[in-house]
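Let's look at how a few structural labels are earned. Each answer sets a value beside its cut-off and then draws the conclusion.

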Amino acid sequence: LVAAHVAGVFSLEDAARLVAARGRLMGALPPGGAMAALEVTEAELGEYVSADEDRVSLAAVNGPRAVVVSGEHGAVEELVRGIEGSGRRAVRLRVNHAFHSQLMEPMLGEFGEIAASLEYRVPEIALVSNRDGGVVGAEVTDPGYWVRHVRDAVRFADGVGTLAAAGVTRYLELGPRPVLSAAARQSVESVVEERPH
């Protein structure tokens, strides 16, 4: 959302309205659900969640072997135990809600109405989406894009890969803790390894 504002997609006032609405509506959802960071590839995760897709969702792909799952507490806990049982790291995240999962769906309708009331413009500078990891254009002027942004998995690793492939060499993480810097480094390294020498 910050990057979209900087790229000229919406005014600061509209960006603030969207952020506030998102936070308010998510916060109003019934508490519950769980999230966990897992040391597996996205492909490996598919083997674990394929039978339980209505209870647990892929919430983020942060690196080549760093994914986050989100959903019903029991389903996430079962997945965590399976990953731990295979000798890989699994970290239960401290959250009040299961973000980027099916448990967000009750707020999407009202959020969509608010998103539809904003004024959008095509980005004036390159904008990399964390919905699909690619450079985006006019699609971000569709309010539905921002609704899907709430529900869909965050494709952080793909976005970093797009930047690395374009020659970006400097990255800055802003936040209370450097939780994504290591994953970003791994994503950049995987792109560099794939380049022909």
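**How the labels are earned**

Helix 5 passes helix 6 in a right-handed crossing. This is a predicted model, in which local features need pLDDT of at least 70, side-chain atom pairs count only at pLDDT 80 or more, and totals for chains, interfaces and linings use all residues. Residues are numbered from 1 along each chain as its sequence is written, and side-chain values use heavy atoms, with hydrogens and water left out.

Q: What makes a crossing such as that of helix 5 and helix 6 right-handed?
A: A crossing is right-handed if the near helix is turned clockwise from the far one by less than a right angle, and left-handed if anticlockwise. Helix 5 and helix 6 (residues 143–151) meet at an angle of about 145°, with axes 8 Å apart. For these angles, lines are fitted to C-alpha atoms over the stretch in contact, and the values run from 0 to 180 degrees between N-to-C directions.

Q: Which residues bring helix 5 and helix 6 together?
A: From helix 5 come Leu-108, Phe-111, Gly-112, Ala-115 and Ala-116, and from helix 6 come Pro-143, Trp-146, Val-147, Val-150 and Arg-151. By class, this contact has eight nonpolar, one polar and one charged residues. Here Ala, Val, Leu, Ile, Met, Phe, Trp, Tyr, Cys and Pro count as nonpolar, Asp, Glu, Lys and Arg as charged, and the others, Gly among them, as polar.

Q: Why are helix 2 and helix 5 called roughly antiparallel?
A: The axes of helix 2 (residues 12–28) and helix 5 cross at roughly 170° and come within 10 Å. Angles over 145 degrees count as roughly antiparallel, under 35 as roughly parallel, 65 to 115 as roughly perpendicular and the rest as oblique, so helix 2 and helix 5 are roughly antiparallel. Their contact involves Arg-17, Leu-18, Ala-21, Arg-22, Arg-24 and Leu-25 of helix 2 with Glu-110, Phe-111, Ile-114 and Ala-115 of helix 5. Those residues divide into six nonpolar, no polar and four charged.

Q: Why, then, are helix 3 and helix 4 called oblique?
A: Helix 3 (residues 42–49) and helix 4 (residues 73–85) pack at about 125°, their axes 11 Å apart. That angle falls in none of the named ranges, and therefore the pair is oblique. The crossing of helix 3 and helix 4 is right-handed. Leu-45, Tyr-48 and Val-49 of helix 3 touch Leu-79, Gly-82 and Ile-83 of helix 4.

Q: How do you know whether Asn-62 is buried or exposed?
A: Asn-62 has a relative accessible area of 14%. Buried means under 20%, exposed over 50% and partly exposed in between, with a 1.4 Å probe and protein chains only, so Asn-62 is buried. This residue is found in strand 2 (residues 56–63). Beyond neighbours within four places in sequence, its contacts (heavy atoms within 4.5 Å) include Phe-156 and Leu-180.

Q: What makes His-100 count as buried?
A: Its relative accessibility is 11%, so His-100 counts as buried. His-100 lies in the loop between strand 4 (90–93) and helix 5 (108–116). Its phi is near 55°, a positive value in a residue other than glycine.

Q: How do you know that the radius of gyration agrees with a compact globule?
A: The rule, 2.2 Å times the number of residues to the power 0.38, is set against a radius taken over C-alpha atoms. For 197 residues a compact globule would be near 16 Å, and the protein chain has 17 Å, which agrees.

How values were computed. Helices (H or I, at least four residues) and strands (E, at least two) are DSSP runs, numbered from the N terminus.
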